[in-house]
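I set out to record what could be looked up in this model. The entries below follow the order in which I consulted it.

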Amino acid sequence: MLKEDVTALIIASKKTKGLSWEGIAEAIDMSPVWTHSACMGMNAMPAEKASALVKVLDLPDEAIAVLEESPTKVFAQTVPTDPCIYRFYEIVGVYGPTLKALIHEKFGDGIMSAIDFDMTVERVPHEKGDRVKVEMSGKYLAYNAW
């Protein structure tokens with residue numbers, strides 16, 4: 001069984017059971033962002049979280065070992081065509097240099113970690129239409145001088 005097979009089983013079970021990512025995340029005591037990412041094969045699950053997910057979604061036991069495997073993160077080099085994903089691509093294209101400059105100004109020469117990282121997504125009521133609030137928090141990692 002491959003990560004892609006387990007992902008397909010997860011999506012099918014989620015749909016069949018009528019679950020949300022927030023509900024699944026709550027059931028395994030993790031954040032919805034991390035849970036979805038791990039279910040899509042982009043993060044390795046600790047054994048207890050993989051076992052809990054398998055139980056919640058009634059997946060085969062062999063899925064546990066697959067969920068625990070370290071991922072191979074390969075990103076497409078083409079522009080995303082999904083409108084929602086494209087907007088994040090656009091945000092980084094437009095504001096990436098600004099974010100980099102502000103991080104360097106406030107912290108020094110370094111980066112925000114995407115490994116030691118938290119993210120939340122919230123719905124915020126607004127008079128002109130509800131807003132999407134994405135909050136990211138990553139550990140600052142200074143570049144080494146050597």
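Entry 1, the chain as a whole. Among contacts in the protein chain between residues at least 6 apart in sequence, what percentage join residues at least 24 apart? I found that 50% of these contacts do so. I note at the outset that the model is predicted. I listed six helices and two strands in the protein chain, and along the sequence they follow the pattern α-α-α-α-α-α-β-β. The C-alpha trace spans about 50 × 50 × 30 Å along its principal axes. Of the 146 residues in the chain, 18% are buried.

Entry 2, the packing of helix 2 and helix 4. I looked up helix 2 (residues 21–28) and helix 4 (residues 47–57), and found that they pack at an angle of about 125°, with their axes 9 Å apart. An angle between 115 and 145 degrees is neither roughly perpendicular nor roughly antiparallel, and the two helices are therefore oblique to each other. Their crossing is right-handed. Helix 2 contributes Ile24, Ala27 and Ile28 to the contact, while helix 4 contributes Lys49, Ala52, Leu53, Val56 and Leu57. I sorted these residues by type: seven are nonpolar, one is charged and none is polar.

Entry 3, the nonpolar core. The largest nonpolar core holds 17 residues, of which Ile10, Met45, Leu53 and Leu67 touch the most other members. Two or more residues come from each of helix 1 (3–17), helix 2, helix 3 (32–39), helix 4 and helix 5. I then examined Met45 by itself. Leaving aside neighbours within four places in sequence, Met45 is in contact with Ile28, Trp34, Ala38, Cys39, Ala50, Leu53, Leu67 and Glu68.

Entry 4, Ser13. Is Ser13 buried or exposed? I located this residue in helix 1. Its relative accessibility is 10%, so Ser13 counts as buried, the limit being under 20%. Beyond its neighbours within four places in sequence, Ser13 is in contact with Leu57 and Leu59.

Entry 5, Pro60. I found Pro60 in the loop between helix 4 and helix 5 (62–68). Because its relative accessibility is 31%, Pro60 counts as partly exposed. Outside its neighbours within four places in sequence, I recorded contacts of Pro60 with Met1, Leu9 and Val54. I also looked up Phe107, which lies 47 residues from Pro60 along the chain; the C-alpha atoms of the two are separated by 46 Å.

Technical notes. Residues numbered from 1 in each chain as written. Predicted model: local features only at pLDDT ≥ 70, side-chain atom pairs only at ≥ 80, totals over all residues. Heavy atoms only, no water. Axes fitted to C-alpha atoms, helices over the stretch in contact; angles between N-to-C directions. Helix = DSSP H or I, 4+ residues; strand = E, 2+ residues; numbered from the N terminus. Parallel < 35°, antiparallel > 145°, perpendicular 65-115°, else oblique. Left-handed = near helix turned anticlockwise from the far one by under 90°. Contact = heavy atoms within 4.5 Å. Nonpolar A, V, L, I, M, F, W, Y, C, P; charged D, E, K, R; others polar. Buried < 20%, exposed > 50% of the residue type's maximum accessible area, 1.4 Å probe, protein only. Core = buried A, V, L, I, M, F, W, Y, C linked by side-chain atoms within 4.5 Å.
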